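I'm opening a fresh page of the notebook for this one. I want to look up a few strands and charged side chains and jot down what I find.

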Amino acid sequence: MENSEPRVSILLPVYNAADFLNETLESIAVQSMASFEVIAIDDGSTDDSLEILKEWKKKDSRFNPIPSEHHGIVEAPNLGLKF
């Protein structure tokens with residue numbers, strides 16, 4: 001029986017990264033190992049970062065956006081560890 005759990009979890013803190021986010025997510029998506037999940041914590045971005053993450057979720061269920069208030073680069077990954 002095949003395990004449906006991802007083999008790798010990628011924790012991605014995001015803050016106002018709209019200019020580079022699609023390129024980053026595309027790079028992750030084309031990796032040779034398909035068994036992964038991306039837990040992307042949007043740390044209260046004021047640009048289109050969260051909307052970009054939501055669009056990726058619509059087309060690829062391995063991408064999981066987690067909206068959050070802005071708490072900074074240390075707290076954002078800690079929040080992602082809870083998922």
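Before I start, a term I'll need: a polar contact is a pair of N or O atoms within 3.5 Å, and within protein one of them must be able to donate a hydrogen and the other to accept it. Also a reminder to myself that this is a predicted model.

**Entry 1: strand E2 and its partners**

I began with strand E2, which covers residues 36-43. Seven of its eight residues are buried, so I'm calling E2 mostly covered, with buried meaning under 20% relative accessible area. Next I checked who pairs with E2. Strand E1 (residues 8-14) runs parallel to E2, and seven bridges join the two. Strand E3 (residues 63-68) is also parallel to E2, this time over six bridges. I looked up one bridge partner in E3 as well: Ser-68 is paired with Asp-43.

Then I followed the chain between the strands. E1, helix H1 (residues 18-29) and E2 form a right-handed β-α-β unit. E2, helix H2 (residues 49-59) and E3 form a right-handed β-α-β unit too.

**Entry 2: Asp-42**

Asp-42 caught my eye in strand E2. Across in E1, Val-14 stands opposite Asp-42. Which side chain of opposite charge is nearest to Asp-42? I found Lys-54, but it is 8.6 Å away, and the buried Asp-42 has no salt bridge. A salt bridge needs a side-chain nitrogen of Lys or Arg within 4 Å of a carboxyl oxygen, so Lys-54 doesn't qualify.

What Asp-42 does have is a polar contact, side chain to side chain, with Ser-45 at 2.7 Å. Setting aside neighbours within four places in sequence, I listed some of the contacts of Asp-42, including Val-14, Leu-50, Leu-53 and Ile-66.

**Entry 3: the salt bridges**

How many salt bridges are there? I count two.

One joins Glu-55 and Lys-58, whose closest N and O atoms are 3.2 Å apart. These residues are three apart in helix H2, which means about one helical turn separates them. Glu-55 is partly exposed at 44% relative accessible area, while Lys-58 counts as exposed at 66%.

Another links the side chains of Arg-62 and Asp-60, at 2.8 Å from N to O. Here Arg-62 is partly exposed, with 23% relative accessible area, and Asp-60 is buried, with 14%. A note for the margin: side chains of opposite charge can pair when their charged atoms come close.

Terms used:
Residues numbered from 1 in each chain as written. Predicted model: local features only at pLDDT ≥ 70, side-chain atom pairs only at ≥ 80, totals over all residues. Heavy atoms only, no water. Buried < 20%, exposed > 50% of the residue type's maximum accessible area, 1.4 Å probe, protein only. Helix = DSSP H or I, 4+ residues; strand = E, 2+ residues; numbered from the N terminus. Pairing = 2+ DSSP bridges. Right-handed = clockwise from strand over helix to strand, strands pointing away. Lys, Arg positive; Asp, Glu negative; His and termini not counted. Contact = heavy atoms within 4.5 Å.
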